[in-house]
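Welcome! Take a moment to turn the structure around on your screen before reading on. We will walk through it piece by piece.

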Amino acid sequence: MNDKISDLTVLLPTIETPTLTKAELSDMLFERLGLNKRESKDMVEAFFELVHGSLVEGTDVKLSGFGNFQIRQKAARPGRNPRTGETIPIEARQVVTFHASAKLKGMVQGDVPSGDDLE
């Protein structure tokens with residue numbers, strides 16, 4: 001049993017997923033492009049407001065070389081409370097999905113050098 005756990009540890013060195021925050025994106029713009037901190041923060045906020053607004057309106061967002069954010073309709077369906085086993089209705093709803101571009105997938109897999117632009 002311990003051998004299986006150590007094998008898994010080698011494959012998955014950490015379960016913790018690092019998060020890239022808006023503040024970190026803003027700092028990167030400040031450092032790499034020379035924008036002042038306020039401009040960097042405003043640019044990041046404006047970008048996310050545009051993406052958010054488009055998705056709320058039902059418009060897909062396509063970022064060339066990165067991927068697509070799409071609104072998908074999910075139909076109503078029966079569900080089940082796992083604790084009690086009681087059947088409960090799950091209402092129809094909209095969900096946001098993300099599909100990575102072939103180029104991004106290639107970069108993640110190491111097939112495409114990461115120094116290449118995402119365009």
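What pattern does the chain follow when it is read along the sequence? The answer is α-α-α-β-β-β-β-β-α. Keep in mind as you look that this is a predicted model. The chain holds 4 helices and 5 strands. Of its 119 residues, 13% are buried. Among the contacts in the chain with a separation of 6 or more, 30% are between residues 24 or more positions apart.

## Two helices that meet

Let's begin with helix α2, residues 22-33, and helix α3, residues 37-56. Their axes come within 8 Å and cross at roughly 130°. How should we describe that angle in words? Angles over 145 degrees would count as roughly antiparallel, and 65 to 115 as roughly perpendicular, so α2 and α3 are oblique to each other. The crossing in which α2 passes α3 is right-handed.

Which residues bring the two helices together? On the α2 side you will find Lys-22, Leu-25, Ser-26, Asp-27, Leu-29 and Phe-30. They meet Lys-37, Ser-40, Lys-41, Met-43, Val-44, Glu-45 and Phe-48 of α3.

Ser-26 is a nice residue to zoom in on, and it sits in helix α2. Is Ser-26 buried or exposed? Its relative accessible area is 9%, and buried means under 20%, so Ser-26 is buried. Setting aside residues up to four places away in sequence, Ser-26 touches Lys-37, Ser-40, Lys-41 and Val-44. With Lys-41 there is also a polar contact: a polar atom of the Ser-26 side chain lies 3.1 Å from the backbone nitrogen of Lys-41.

## A sheet of three strands

Next, look for the strands. Strands of a sheet pair through backbone hydrogen bonds, and this pairing can be parallel or antiparallel. Here, an open sheet of 3 strands has the order β1-β2-β5, and its pairing is antiparallel. At the edges are β1 (61-63) and β5, each of which pairs on one side only. On average, neighbouring strands of this sheet are turned by 25° against each other, direction ignored. Helix α3 packs on the sheet and touches β1, β2 and β5. The direction of α3 makes about 140° with that of β1.

Now follow the pairings one at a time. β1 is joined to strand β2 (residues 67-74) by 3 bridges. Together, β1 and β2 form a hairpin with 3 residues between them. In that turn, Gly-65 has a positive phi of about 80°. How many bridges pair β2 with β5? There are 8, again in the antiparallel sense.

Thr-97 gives us a view from inside β5, which spans residues 93-100. With a relative accessibility of 17%, Thr-97 counts as buried. Apart from neighbours within four places in sequence, Thr-97 is in contact with Asn-68, Phe-69, Gln-70 and Arg-72.

## The hairpin of β3 and β4

Two strands are still waiting for us. Strand β3 (residues 77-80) and strand β4 (residues 87-90) pair in the antiparallel sense over 4 bridges. Their hairpin has 6 residues between the strands, and Gly-85 takes a positive phi near 80° there.

Gly-79 lies in strand β3. It has a relative accessible area of 11%, so Gly-79 is buried. Which residues does Gly-79 contact, leaving aside its neighbours within four places in sequence? They are Glu-86, Thr-87, Ile-88 and Ile-90. Gly-79 and Pro-89 are 10 residues apart in sequence, yet their C-alpha atoms are 5.6 Å apart in space.

## Partners across the strands

To try your eye, find these residue pairs in the model.

| Residue | Stands opposite | Strand of the partner |
|---|---|---|
| Lys-62 | Asn-68 | β2 |
| Leu-63 | Gly-67 | β2 |
| Gln-73 | Gln-94 | β5 |
| Pro-78 | Pro-89 | β4 |
| Gly-79 | Ile-88 | β4 |

As you trace them, picture the two settings once more: the open sheet with the order β1-β2-β5, and the antiparallel pair of β3 and β4. Then return to α3, which meets α2 and also packs on the sheet.

Conventions. Residues numbered from 1 in each chain as written. Predicted model: local features only at pLDDT ≥ 70, side-chain atom pairs only at ≥ 80, totals over all residues. Heavy atoms only, no water. Buried < 20%, exposed > 50% of the residue type's maximum accessible area, 1.4 Å probe, protein only. Contact = heavy atoms within 4.5 Å. Polar contact = N/O pair within 3.5 Å; in protein donor to acceptor, adjacent residues only side chain to side chain. Pairing = 2+ DSSP bridges. Axes fitted to C-alpha atoms, helices over the stretch in contact; angles between N-to-C directions. Parallel < 35°, antiparallel > 145°, perpendicular 65-115°, else oblique. Left-handed = near helix turned anticlockwise from the far one by under 90°.
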